[in-house]
Amino acid sequence: MPTEVERLRAGMRVLSSAIAAVAEATTDSQRLLETLVRQAAELIQDTCIVLLKTPEGPTAAALYDPDPVLLEELRGLYEKPLAGAAITIQAMQSGKGAVFPTLDLEATRSHVSPEMYATFQRIGLSGSLIVPMRVQGEPYGALTILRHRQHHRELDELDLEFAQDLANHAAIAIANARRVDALRENEELRHAKEQLGRANKFLDAIIENIPDMVFVKDATKLAFTRFNRAGEELIGVSRDAMIGKTDYDFFPPEEAMHFQGMDRETLRNKVLVDIPEEPIHTAHGKRWLHTKKVPIVDEAGEPLYLLGISQDITNAKHHKQALLDAKDRAESANKELEAFSYSVAHDLRAPLRAIDGFSQALFEDYGERLDDEGNRLLHRVREQAQRMAVLIDDLLALSRVTRHDLSPEQIDLGAIASNSLAQLQRAEPDRVVEIQISKSLSTVADPRMMGIAFDNLIGNAWKFTSKTEGSRIEVGQLHKDSERVFFVRDNGAGFDRQYAHKLFGVFQRLHTEREFPGTGIGLATVARIILRHRGRVWAEGEPGKGATFFFTLGDPEAP
Amino acid sequence: MKDKIILLVEDNQNDEELTLRALKKSQIMNRVVVVRDGVEALDYLFGRGAYASRPSSEIPQVILLDLKLPKIDGLEVLRAIRADDRTKLLPVVILTSSLEDQDLIKSYGLGANSYVRKPVDFVQFVDAVKQLGLYWLVINQPAP
């Protein structure tokens, strides 16, 4: 048995180390408790427990017994908050400790759980003490010592004093640690607030600079709580005037009703609502919006806010309408052109036939009664009627080129050129023209359109070389700036390059009818065909040295 | 050859006169029946209206049909001719001013035997009529 002095010394050691620990332990109160409990338990060679006050009742925060097996068992028993721990609670609240040198185990039965009682009985609990842990009258918990090893002496007042000193230090440690925790929490909170503030500013900057109107309304009153710059500009009202107000304060009643109806629907269904087109009356007049409304809900899924994003589609809508109108006009113009062409083909030709036919009849039946001049004039009437018929046919061909849909396919332009030449040769079998057509002129284009284009280009070359010695026509291609350029070249009459820009206009002629006959529609037709193939056409020439017509072909299927 | 009738469906008086002149100049002496709109053409062919008393043996050897006609147009007349057992085998030559793709396609689609565009040049017109007469009245063997 240790002497009283030895007990005091050992007690002092524990206390002084407890004081040192408290001084150090400002952050980890749990480790401090563990240390204290362990040192106390080792000193008295029995069980020591620290119970902390919690809303659910006193709960073991640290517990120690030198016997590791028993320690585990006790930890299990003290895992949950203690129910009906009347003595502990009384000690905490009164601030007074109590020592029970001998314990009537039977009397404690009603205060502890059956499992606990069974353990106490087995280990032979014979005494205990309990001291409160308080700081400035505030109860933090209690420290308990359980005496059950039979060879030990009974607990006495000295033990109670030691225990109380230890408990006081533990209480201070816990109070300090809690204060530190609170401070740290405050610091963290402040830090979090700062971060939140920064994140908010960032979001504000984003929302502010979104070119569409962005607004937020609270879910109950549907009053504006946020409004960005684009919104201010669109509505023509400053955000200060908007915030806290509702749609009814700014827009006509039916419009406000529509906006809020959509808001309510969004909040009720809790899904994004897309409104492709809605009118809004702003300070600058009526505009059209494409609006998306999004519900913003809390953790429980209850709507808090309504987020709205509205794009001003007024201009796009006008453009679209203008396009549609233009398309309508183009279509009706095209229909008119169809009808006009049909009537030209039928009705304008009929009188020409009559003029020509009856002139011929006059010549046949009465030619003998007319003198040479009379016959010449009659001949001129017929000639001009026929010329007008050619003009009509050429104009019809030109309009057909504009009206008909393209059906592009893989074709050989060389073969098409040969075909045009063969027709001309058949009409004038005696003419000798040197022909040169490149191979590999295959491309993708509308065969019929290209046929018409080559009829005109080759026809021109044929015509304008009719007065040339050793006339020559060449069809080929070259590559210029990685672009494929086709050409039809002749060594015929050529043209003055200062009139080159006039070549492709309707009825534009650089030669008199007497020099070279023609209607002035052929190259206009060529230009339209090339244009419809998204290509370009141009010409080079010199009087008396010939002309070259160049063209490129784009993607004819591109819209 | 005299009993081979040519039915000319033509509303334009000038064209009628010129066509008749062209036939005459081509030495085609067949009887030419001229009707001046689509209704009259069908009345003649089916022995209706003014032609109710027409002898049924009088069937034209060839029909020269204009497309643009008052009341019922040429394409409709052609459709009616091809839809009736009495006339469905008759040779029909479209004789018109039009060179529109749609008219050509529709005409052949409805069973036209030939499509001729009236040339403005009367000499060419006479030549065309001459060849038509030669082919349909002499060379071609009609259905029995």
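Student: What covers the buried residues of helix 15 (residues 522-532) of chain A?
Tutor: The cover includes helix 12 (372-403), helix 14 (447-464), strand 16 (537-542) and strand 17 (546-551) of chain A. This is a predicted model, where local features need pLDDT of at least 70 and side-chain atom pairs count only at pLDDT 80 or more, while totals for chains, interfaces and linings use all residues. Side-chain values use heavy atoms, with hydrogens and water left out; residues are numbered from 1 along each chain as its sequence is written, and chains are lettered from A and ligands numbered from 1 in the order in which they are written.

Student: What makes helix 15 of chain A "mostly covered"?
Tutor: Eight of its 11 residues are buried, and buried means under 20% relative accessible area (exposed is over 50%, partly exposed in between, with a 1.4 Å probe and protein chains only). The buried ones are Gly522(A), Leu523(A), Ala524(A), Thr525(A), Val526(A), Ala527(A), Ile529(A) and Ile530(A). Elements like this helix are DSSP runs numbered from the N terminus: H or I with at least four residues for helices, E with at least two for strands. Just after helix 15 of chain A comes Arg534(A), with a positive phi near 60°.

Student: Why is Asn375(A) called buried?
Tutor: Its relative accessible area is 18%, and the cut-off is under 20%, so Asn375(A) falls on the buried side. Asn375(A) belongs to helix 12 of chain A, and touches Phe363(A), Gly367(A) and Leu370(A), leaving out residues up to four places away in sequence. Touching here is contact, meaning heavy atoms within 4.5 Å.

Student: Why does Thr314(A) count as buried?
Tutor: Thr314(A) has 2% relative accessibility, so it meets the same limit. Thr314(A) sits in helix 11 (residues 314-366) of chain A. With residues up to four places away in sequence left out, Thr314(A) touches Arg287(A) and Trp288(A).

Student: What makes strand 7 and strand 8 of chain A edge strands?
Tutor: Two strands pair if DSSP finds at least two bridges between them. In the open five-stranded sheet ordered 7-6-10-9-8 (chain A), the pairing is antiparallel. Strand 7 (224-227) and strand 8 (273-282) of chain A each have a single partner strand, so one side of each has no neighbour in the sheet. The twist averages 30° from one strand to the next.

Student: How do you know that strand 8 of chain A pairs with strand 9 of chain A?
Tutor: Eight bridges join strand 8 of chain A to strand 9 (residues 285-297) of chain A, so the requirement of at least two is met. These two run antiparallel, with Ile275(A) standing opposite Thr291(A). Helix 10 (residues 253-269) of chain A packs on this sheet, and its direction makes about 155° with that of strand 8 of chain A. Such angles run from 0 to 180 degrees between N-to-C directions, with axes as lines fitted to C-alpha atoms, for helices over the stretch in contact.

Student: Why is the other sheet, 12-14-15-17-16 (chain A), described by two edge strands?
Tutor: Strand 12 (434-437) and strand 16 of chain A each pair on one side only. This open sheet of five strands has mixed pairing. Strand 12 of chain A and strand 14 (residues 472-480) of chain A run parallel, joined by four bridges, and Val475(A) is the bridge partner of Ile437(A). Helix 13 (residues 413-427) of chain A lies across strand 12, strand 14, strand 15 (483-490) and strand 17 of chain A, at about 160° to strand 12 of chain A.

Student: Which face of strand 13 (residues 442-445) of chain A is covered?
Tutor: Thr443(A) and Ala445(A) form the covered face, Ser442(A) and Val444(A) the uncovered one. In a regular strand, side chains alternate between the two faces of the sheet. Four bridges join strand 13 of chain A to strand 11 (residues 409-412) of chain A, antiparallel, with Ile411(A) opposite Thr443(A).

Student: What makes the contact of helix 1 with helix 5 of chain B the mix of residues it is?
Tutor: Leu18(B), Thr19(B), Arg21(B), Ala22(B), Leu23(B) and Lys25(B) in helix 1 of chain B meet Phe122(B), Phe125(B), Val126(B) and Val129(B) in helix 5 of chain B. These divide into seven nonpolar, one polar and two charged. Nonpolar covers Ala, Val, Leu, Ile, Met, Phe, Trp, Tyr, Cys and Pro, charged covers Asp, Glu, Lys and Arg, and the others, Gly among them, are polar. The axes of helix 1 (residues 13-25) and helix 5 (residues 122-139) of chain B are 8 Å apart, at an angle of about 65°.
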